[in-house]
Amino acid sequence: MKLENMTWPQVAEYFKSKDTVVITVGSIENHGTHLCLGTDYLVADKLAEMVEKKSDVLFTPSMPFGNADHHMAFPGTITLGEEGLYVVIRSIVESLFVHGARRFVFLNGHGGNINGLQKVGAELNRIGGIAAVLNWWMIAPALNPAWAGGHASAQETSAIMAINEDWVDLGTLEEFRFNPVSENLPADSLSTVKFKGVSIPVARSVDKVTSPGWCGPDSPKDATVKWGNEMLETVADFITDFIKEFEKAQI
C-alpha cells in the first residue's frame with residue numbers, strides 16, 4: 001500500500017496491526033554517456049512498485065535524490081550530500097516513528113547512500129526501532145553471479161532496458177579505462193586503488209577515475225531486456241520474502 005494514496009485514518013488503522021514501512025531511495029547522477037541520470041532512482045522505484053504489489057506493508061513515495069557528491073563533475077547530477085541525505089531520511093523516519101512505525105526497510109538504489117542510511121538505522125535501534133538496508137545491485141549477483149556489475153555497466157543498463165529502452169542509448173557509449181593515482185597505484189573501482197594485491201580506499205571525483213563516468217567488467221553492450229526482466233523479478237521476489245521475515249524481527 002502506498003502512503004501517498006491513503007487518508008490519515010487509513011494510516012492510523014494500518015499502524016494498529018503493523019509497524020513496517022519501506023522507504024525507497026535513489027539518486028540523480030552520472031551513469032555514463034549511454035544511460036539516464038535517474039537510473040538509481042528508476043530501478044529502485046520499479047522494484048518498490050513490484051514489491052508493493054506482492055506485499056501488504058506500507059511504502060513511502062520513492063525519493064529520487066541521494067548523496068552523489070562524487071559525481072558532481074557531470075552535468076545534471078543532483079546531490080544532497082551525505083549529511084543532507086542523513087537529515088532527510090532521519091526526519092522521515094522520526095515522523096513515521098511517531099505514528100507507530102518501528103521496522104524500516106530502506107530499498108536503496110545507490111552506493112553513496114549506504115553510510116547515511118546505516119547511520120539512521122543505528123540511531124533508530126537505540127530508541128526501539130530496527131532498519132535494514134537492501135542494496136538491489138548487491139542482492140542481484142548474490143542470487144545469480146551472472147548478474148554482477150559495475151557502475152552503469154551491463155547490470156544497470158539491463159535493468160533500465162527492462163523498464164524503458166528509450167532511456168538507454170548505446171550508440172553514444174564511450175569505452176572506459178581506469179585512471180591510476182600513480183604508476184604503482186592503479187584504480188580497481190570508482191573508490192579504490194590496488195597496492196600489492198590490496199584494495200585501498202582513495203576518494204576521488206568519478207571523472208578523475210573514468211572520464212565517461214561508467215566502469216565495470218560487464219560492458220553495457222552485453223545488456224539485454226531479458227537479463228533486466230529476470231533480474232528485477234528475482235530481486236523483487238527476494239525483497240518480498242525478506243520483508244515477510246523482517247516483520248518477525250525482535251526489537
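**Notes on a predicted model: one buried arginine and its setting**

1. The side chain of R204 reaches the backbone oxygen of K208 at a distance of 3.5 Å, and this is a sensible place to begin reading the structure, bearing in mind throughout that the model is predicted. In the sequence, R204 is found in the loop that runs between strand β6 (198–201) and helix α7 (206–209).

2. Which side chain of opposite charge is nearest to R204? That side chain is D188, but it is 8.3 Å away, and R204, although buried, has no salt bridge. Because a salt bridge requires a side-chain nitrogen of Lys or Arg within 4 Å of a carboxyl oxygen of Asp or Glu, a student should not draw one between R204 and D188, which are 8.3 Å apart.

3. The surroundings of R204 can also be described by its contacts: leaving aside residues up to four places away in sequence, R204 touches H70, N179, P180, V181, A187, L190 and V209.

4. Turning to the whole protein, the secondary structure comes to eight helices and six strands, and read along the sequence these elements follow the pattern α-β-α-β-α-β-α-β-α-α-β-β-α-α. The radius of gyration is 19 Å, close to the 18 Å that the globule rule gives for 251 residues, so the protein is as compact as a globular protein of that length. Taken along the principal axes, the C-alpha atoms fill a box of roughly 60 × 35 × 30 Å.

5. How much of the protein counts as buried? Of its 251 residues, 49% fall in that class, while the accessible surface comes to about 11,700 Å², of which 55% belongs to carbon and sulfur atoms. Among contacts with a separation of 6 or more, 72% are accounted for by residues 24 or more positions apart.

6. Two residues deserve a careful look at their backbone angles. Most residues other than glycine have a negative phi. A152, however, has a positive phi near 60° without being a glycine, and K196, which is not a glycine either, has a positive phi of about 50°.

7. Are A152 and K196 buried or exposed? A152, placed in the loop between α5 (136–143) and α6 (154–163), is buried, with a relative accessible area of 0%. K196, which lies in the loop between β5 (192–195) and β6, counts as exposed, at 75% relative accessibility.

Note on methods. Residues are numbered from 1 along each chain as its sequence is written. This is a predicted model: local features need pLDDT of at least 70, side-chain atom pairs count only at pLDDT 80 or more; totals for chains, interfaces and linings use all residues. Side-chain values use heavy atoms; hydrogens and water are left out. Helices (H or I, at least four residues) and strands (E, at least two) are DSSP runs, numbered from the N terminus. Buried means under 20% relative accessible area, exposed over 50%, partly exposed in between (1.4 Å probe, protein chains only). Lys and Arg count as positive and Asp and Glu as negative; His and the chain ends are not counted. A polar contact is a pair of N or O atoms within 3.5 Å; within protein, one must be able to donate a hydrogen and the other to accept it, and residues adjacent in sequence count only if both atoms are side-chain atoms. Contact means heavy atoms within 4.5 Å. The radius of gyration is taken over C-alpha atoms; the globule rule is 2.2 Å times the number of residues to the power 0.38. Accessible areas come from the Shrake-Rupley method with a 1.4 Å probe; for residues, only the protein chains shown count as cover.
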